[in-house]
Amino acid sequence: MTATTTTSRSLPALPRSRRLVGVDAARGLALLGMMGAHLLERYDYDGNPTAYYPLVDGRPSALFAVLAGVGLALLDGGSDGPHIPYRRMIGRTAVRALVILVIGLLLASLQALPVAVILQYYALAFLLLAPLLRLPVPVLAAGGLLWLTVVPFVSHAVRDSAELMGPGVQVGMAQLVTSPLASLQDLFLTGYYPVLSWFGYLLVGAAVGRLTLRAARTAVGLVVVGVVLACGAWLVSRLLLGTAGAQAALAEPDALTGRGPDGPWFGTTPTSSFWWLAVDTPHAGTPPDLLGTTGSALLVIGLCLLLARTVAGWALLPFAAAGSMTLTLYTAHVLAVTYYYPSLSPVLVWLAHAVVALVFATVWVLLFRRGPLEAATASLVDMAAGPSRDPHPGPDPEPVADGRPGSGTG
């Protein structure tokens with residue numbers, strides 16, 4: 001067994017590639033946050049907003065999406081550059097996306113009411129990103145931010161002209177087979193995580209994944225950019241909503257949904273006025289929402305990368321373990337919500353899901369290279385689209401992807 005293989009098999013060796021611990025830990029935090037969004041209560045028994053729900057509302061799923069782009073970039077070599085031909089990269093990404101799509105459709109077919117399954121949207125965004133993955137970093141970053149700013153206006157105009165409402169039913173296997181056009185409309189335009197709008201997250205993430213994540217200056221830069229984006233989006237939203245035009249247009253709740261600017265929204269805002277695009281409510285799909293949550297995602301990634309460089313980085317290892325097998329843990333979480341939802345307080349239920357995920361992942365990574373579904377997916381991808389790395393002379397480079405901690409699908 002080589003030193004490289006040993007590093008990819010055991011948690012204690014993870015700090016040798018600290019950037020991967022930071023990326024995986026951020027993904028693990030996103031997973032736990034999404035579990036919280038599914039299980040915790042938005043309002044208390046008196047109908048008042050709970051203090052903790054805003055922490056898990058919208059931001060974890062956005063972090064999940066940005067990290068999807070990071071993961072694909074790492075699978076393609078990260079800052080070291082591509083290690084397989086372009087066509088094979090496209091093929092491997094397409095097969096991976098198809099596997100995730102099928103899993104997502106099956107999970108959505110269960111109709112687990114607290115869960116809006118994200119995997120179908122995630123898989124389709126993978127397909128869109130693959131041909132663009134090797135664009136220059138500035139193009140990916142600028143294109144992603146521009147996409148998140150402009151596309152909500154396009155979505156608004158299209159939905160308004162076609163009189164489309166969301167989010168509709170979750171798209172499962174039956175819906176896709178019996179109503180393919182309506183299903184594609186939900187997935188791309190009106191669903192909980194509409195691909196048309198959310199694709200910008202993956203573009204930004206792909207740019208991040210191509211940076212030199214080992215460098216402290218990169219982590220600091222992500223923190224600074226994240227703070228600027230998050231605060232800037234919030235400030236712009238406040239300024240716009242304070243104008244006379246916005247106050248007049250949004251003075252009354254939307255006629256169809258009965259909701260005001262505070263939502264809650266489930267992927268898109270109403271189309272009765274363009275002023276709805278000024279709100280920054282979670283899952284609003286507006287420029288302030290998308291850019292602000294992109295900022296919070298970059299902030300979390302940067303902070304995790306910085307913490308992984310310190311002695312305290314050992315505290316990240318359980319989260320990094322969970323982050324390396326999010327496809328497995330997310331699937332198990334949805335199944336658990338579907339088939340076993342005990343009459344406990346929501347906080348206790350979430351804690352149970354979180355603790356089981358962290359403990360299971362930590363033990364599993366100590367024993368095996370990949371999570372169960374991650375290993376099965378990797379095998380299918382290898383069989384259908386060829387290996388992830390071309391044969392080459394000399395020692396293997398330090399692992400940055402291909403199923404090792406730091407590249408888990410999810």
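This passage describes the pockets, cavities and charged side chains of a predicted model.

Open space is a good place to begin. The largest pocket has a volume of about 1000 Å³. Its lining is made up of 41 residues, and those closest to the centre are Pro54, Leu55, Asp57, Arg59 and Pro282. Two or more lining residues come from each of α2 (18-39), α3 (53-56), α4 (59-75), α11 (216-241), α13 (287-308) and α16 (346-367). Among these helices, α13 gives the most to the lining of the largest pocket, with 8 residues. Sorted by class, this lining holds 27 nonpolar, 7 polar and 7 charged residues.

The second largest pocket encloses about 530 Å³ of space. Of the 30 residues that line the second largest pocket, Ala37, Tyr53, Pro114, Ala116 and Phe266 lie nearest its centre. Here the elements that give two or more residues are α2, α3 and α4, and α2 supplies the largest share, 5 residues. The class count for the lining of the second largest pocket is 18 nonpolar, 9 polar and 3 charged residues.

Turning to enclosed space, a search of the whole structure finds 8 cavities of 30 Å³ or more. The largest cavity has a volume of about 120 Å³. It is lined by 11 residues, with Leu75, Asp76, Met89, Arg92 and Thr93 closest to its centre. Helices α4 and α5 (86-109) each give two or more residues to this lining, and α5 gives the most, with 4 residues. The lining of the largest cavity comprises 5 nonpolar, 2 polar and 4 charged residues.

Some of the residues named above return among the charged pairs. The structure holds 5 salt bridges, one of which joins arginine 92, a lining residue of the largest cavity, to aspartate 382, with the closest N and O atoms 2.7 Å apart. This pair links distant parts of the chain, since arginine 92 belongs to helix α5 and aspartate 382 to helix α17 (residues 372-385), 290 residues apart. Arginine 92 counts as buried at 6% relative accessibility, whereas aspartate 382, at 33%, counts as partly exposed.

Another salt bridge involves aspartate 57, one of the residues closest to the centre of the largest pocket. The side chains of aspartate 57 and arginine 42 meet at 3.0 Å, N to O. Because arginine 42 lies in the loop between α2 and α3 and aspartate 57 in the loop between α3 and α4, the pair ties together parts that are 15 residues apart in sequence. Arginine 42 is partly exposed, with a relative accessible area of 21%, while aspartate 57 is buried at 10%.

A further pair sits within helix α2. Arginine 27 forms a salt bridge with aspartate 24, and their closest N and O atoms are 2.6 Å apart. The two residues are separated by about one helical turn because they are 3 residues apart in this helix. Both partners are buried: the relative accessible area is 1% for arginine 27 and 0% for aspartate 24.

Aspartate 254 offers a contrasting case. This residue is placed in the loop between α12 (244-249) and α13. Aspartate 254 is buried yet has no salt bridge, and the nearest side chain of opposite charge, arginine 259, is 7.1 Å away. A polar atom of the aspartate 254 side chain does, however, lie 2.9 Å from the backbone nitrogen of threonine 257.

Technical notes: Residues numbered from 1 in each chain as written. Predicted model: local features only at pLDDT ≥ 70, side-chain atom pairs only at ≥ 80, totals over all residues. Heavy atoms only, no water. 1 Å grid on protein atoms, 1.4 Å probe; cavity = no way out; pocket = protein on both sides within 12 Å on 5 of 7 lines; lining within 4 Å. Points joined across faces, edges and corners; volume = space filled by probe spheres on them. Nonpolar A, V, L, I, M, F, W, Y, C, P; charged D, E, K, R; others polar. Buried < 20%, exposed > 50% of the residue type's maximum accessible area, 1.4 Å probe, protein only. Lys, Arg positive; Asp, Glu negative; His and termini not counted. Salt bridge = Lys/Arg side-chain N within 4 Å of Asp/Glu carboxyl O. Polar contact = N/O pair within 3.5 Å; in protein donor to acceptor, adjacent residues only side chain to side chain.
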